[in-house]
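Q: I am new to this structure and would like a close look at a single part of it. Please choose one residue, describe its surroundings with care, and then relate the description to other parts of the model.

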Amino acid sequence: MADNPANSETLDNLLSENRTFPPSAELAANANVKQEAYARAEADPEAYWAEQANRLDWATPFTQVLDWSDAPHAKWFADGKLNVAVNCVDRHVDAGHGDQVAFHWEGEPGDSRSVTYAQLKDEVCKAANALVSLGLQTGDRVAIYLPMIPEAIVAMLACARLGLPHSVVFGGFSAEALRSRVADAEAKLVITADGQFRRGSALPLKAAVDEAVEASDSVQHVLVVRRTGIDVEWADNNLWWHELVDGQSTEHEAEAFDAEHPLFILYTSGTTGQPKGILHTSGGYLTQAAYTHHAVFDHQAGQDVYWCTADIGWVTGHTYIVYGPLANRATEVIYEGTPNSPHEGRHWEIIDKYQVSIYYTAPTTIRTFMKWGKDIPAKYSLASLRILGSVGEPINPEAWMWYRENIGHDNCPIVDTWWQTETGAIMISPLPGVTATKPGSAMQPIPGISAKVVNDEGVPVGKGQGGYLVIDKPWPSMLRTIWGDDARYVDTYWSRFAAQGYYFAGDGAKYDDDGAIWLLGRVDDVMNVSGHRISTTEVESALVSHPSVAEAAVVGASDATTGQGIVAFVILRGDAAQDAAEADASDRVTELRNHVAKEIGPIAKPRQIMVVAELPKTRSGKIMRRLLRDVAENRPVGDVTTLADSAVMEQISSGLSAGSED
Ligand code: WTA
């Protein structure tokens with residue numbers, strides 16, 4: 001591999017961004033969390049977290065905040081006891097807010113339901129009584145495989161109420177993915193639905209459960225919500241939700257559990273085939289979920305209408321649909337379907353219908369909206385919005401600007417929130433009433449959190465330099481272990497910087513000249529071109545900053561002269577795609593290569609650019625660069641089981657001739 005001894009940086013810093021957007025005076029004056037919090041949290045992090053934990057109701061107050069004596073195994077608030085579901089539901093009813101809507105649920109076919117906190121309490125208690133009637137006991141695991149329907153939230157809260165750790169499996173996953181997760185957690189119950197609505201049709205869901213539990217030793221019952229009315233096979237241990245749950249009592253006495261009682265397991269794919277069950281516990285997790293929702297979204301109970309567009313199958317759905325917002329007595333919007341059902345303005349229509357004021361989505365969704373064009377949101381008012389959020393991937397500066405202008409109408413702060421399934425809750429993000437944001441930057445750790453960008457030796461890099469993102473102090477919502485494989489937990493997250501005791505997140509990042517943090521993608525994706533370590537994110541952002549590009553993915557492909565060469569796959573914006581069909585494709589490609597050279601420098605000029613219609617993405621919307629590397633290096637395409645749309649790779653491989661090389 002080519003090497004450049006003059007370049008010793010861990011990761012090159014190539015793009016620079018000078019635009020900044022301070023908060024409005026009104027927001028700065030009234031925000032939930034202000035500048036002073038940073039210094040206060042830094043001076044005494046444990047006192048700060050104790051204060052945040054006291055946002056919750058504790059049945060037995062804690063006397064100890066953090067026990068880190070068995071690092072990297074943390075205990076937070078260990079001698080305190082609480083019930084998570086009581087904190088999310090009952091206490092709001094007890095405080096006189098039973099009539100407040102907890103969520104407005106919008107079904108894909110256009111049906112809708114608004115559920116108040118009093119109604120939610122009744123539903124959760126009935127479901128809890130139903131689970132008790134099945135003989136489930138504290139600590140037993142329950143798998144939840146449901147579409148985005150109210151029962152999904154009720155089921156999660158009923159489990160939490162009983163101290164039954166849940167394992168939610170995304171409803172788009174296959175029977176095999178479900179089987180391996182049910183087996184790993186030894187779940188005794190699976191909660192599912194007959195089917196789910198997707199783009200106007202009713203698709204089967206229970207059929208996958210039937211296949212997944214066929215040879216299971218652990219599963220005793222399958223509880224089935226009727227959502228679509230499609231025909232299903234029926235086995236002896238199957239029960240209808242409406243038959244078992246609806247007739248139960250709405251009275252249920254909740255028990256308080258230890259702060260470290262397991263709350264849920266959530267599987268992430270990891271680099272090897274075996275899924276990793278990330279374990280989260282109760283008190284610390286709920287503390288940080290509630291605190292971050294309060295601080296980062298500036299949520300005002302009883303006033304805001306909050307919508308997080310994630311699926312409950314992902315950690316974002318757990319923390320920012322279920323636990324954080326409900327602990328804070330939010331009124332939420334929950335939407336069952338896809339953003340283009342039945343038309344591409346569905347999200348904006350829902351925002352106007354419910355007067356949504358806080359909207360939290362993913363860069364992949366924003367770039368899809370860009371591709372559809374700004375004329376679509378322009379047909380709606382969107383005047384109720386006041387805060388916008390982004391999560392899941394680095395957001396390219398141009399996508400950020402598009403979001404700000406076309407959705408936020410230039411007057412909503414954007415919070416770009418960095419975190420992971422493993423961190424449980426937001427770690428790095430602007431605060432809407434404090435931070436002067438920069439398009440594309442997650443800015444700095446929130447008060448109470450400490451993170452650094454370090455080099456190979458674990459030494460912090462300077463301003464203007466790139467390296468590895470680490471978290472150097474324990475935090476309340478940190479994962480406690482990998483379910484059933486503690487050695488893998490220590491090895492995966494704590495071995496890279498064992499000497500320093502840092503948690504290594506697997507992401508590359510840089511400080512800009514002002515010390516703001518920019519996320520640069522997974523370190524596994526970093527390219528090495530003539531000894532320069534170049535992040536995929538920066539080249540992608542340079543491509544997306546060209547007016548004709550909606551989305552881009554770049555990979556490093558082996559190259560005889562430079563070690564690796566940059567290969568880019570781009571999706572054009574609606575109008576540009578039309579022109580491209582008519583004009584000469586090779587002109588467009590030359591223009592884009594020159595554009596990258598101008599934005600970043602000749603070193604980052606892609607060797608090859610391919611115009612494609614779609615990119616391979618996981619079901620949570622992250623680009624699978626591994627598969628694109630296979631294409632770029634002319635290898636057969638590898639494991640595609642986690643790909644959202646398996647036809648995409650065939651389309652890309654067969655369209656290769658459209659590329660250009662020189
Ligand atoms: C990426 C999702 C840049 C990152 C909550 C991380 C981000 C992984 C951001 C975790 C962001 C998430 N900017 N990158 N704001 N948010 N990521 O477990 O690579 O699905 O490690 O959790 O997503 O993904 P996960």
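**A glutamate and its surroundings**

A: Glu540 has a relative accessibility of 5%, and because buried means under 20%, this residue counts as buried. The model is a predicted one, and the description below should be read with that in mind. Glu540 belongs to helix α17, which covers residues 536-544. A polar atom of the Glu540 side chain lies 2.9 Å from the backbone nitrogen of Val554. Val554 also appears among the residues that Glu540 touches once those up to four places away in sequence are set aside, and the others are Asn396, Ala552, Ala553 and Arg625.

A second residue can be described in the same manner. Thr292, which lies in helix α10 (residues 283-296), is buried, with a relative accessible area of 0%. A polar atom of the Thr292 side chain is found 2.6 Å from the backbone oxygen of Gln288, and the side chain of Thr292 also makes a polar contact of 2.5 Å with the side chain of Tyr320. When neighbours within four places in sequence are left aside, Thr292 is in contact with Tyr320 as well as with Phe297, Ala425, Ile426 and Ile446.

The next part to consider is the ligand. There are 16 residues around the ligand, and the closest are Asp416, Thr417, Thr421, Asp507 and Arg522; by character, the residues of this shell divide into 6 nonpolar, 5 polar and 5 charged. A nitrogen atom of the ligand lies 3.0 Å from a polar backbone atom of Gly392, while a polar side-chain atom of Asp416 is 2.7 Å from a nitrogen atom of the ligand. In the side chain of Thr421, an N or O atom is 2.6 Å from an oxygen atom of the ligand. Of the 520 Å² that the ligand exposes when taken alone, the protein buries 89%. Two or more residues of the shell come from each of α11 (315-327) and β25 (517-522).

Finally, there is a sheet to place beside these details. This open sheet is formed by 8 strands in the order β12-β11-β8-β6-β7-β14-β15-β23, with mixed pairing. At its edges stand β12 (238-240) and β23 (481-482), each of which has a single partner strand, so one side of each is left without a neighbour in the sheet. Within the sheet order, β14 (residues 262-268) and β15 (residues 276-281) pair in the antiparallel sense over 6 bridges, and Thr268 has Lys276 in β15 as its bridge partner.

Definitions and conventions:
Residues numbered from 1 in each chain as written. Predicted model: local features only at pLDDT ≥ 70, side-chain atom pairs only at ≥ 80, totals over all residues. Heavy atoms only, no water. Near = heavy atom within 4 Å. Polar contact = N/O pair within 3.5 Å; in protein donor to acceptor, adjacent residues only side chain to side chain. Areas by Shrake-Rupley, 256 points an atom, 1.4 Å probe, with all protein chains shown as cover. Helix = DSSP H or I, 4+ residues; strand = E, 2+ residues; numbered from the N terminus. Nonpolar A, V, L, I, M, F, W, Y, C, P; charged D, E, K, R; others polar. Pairing = 2+ DSSP bridges. Buried < 20%, exposed > 50% of the residue type's maximum accessible area, 1.4 Å probe, protein only. Contact = heavy atoms within 4.5 Å.
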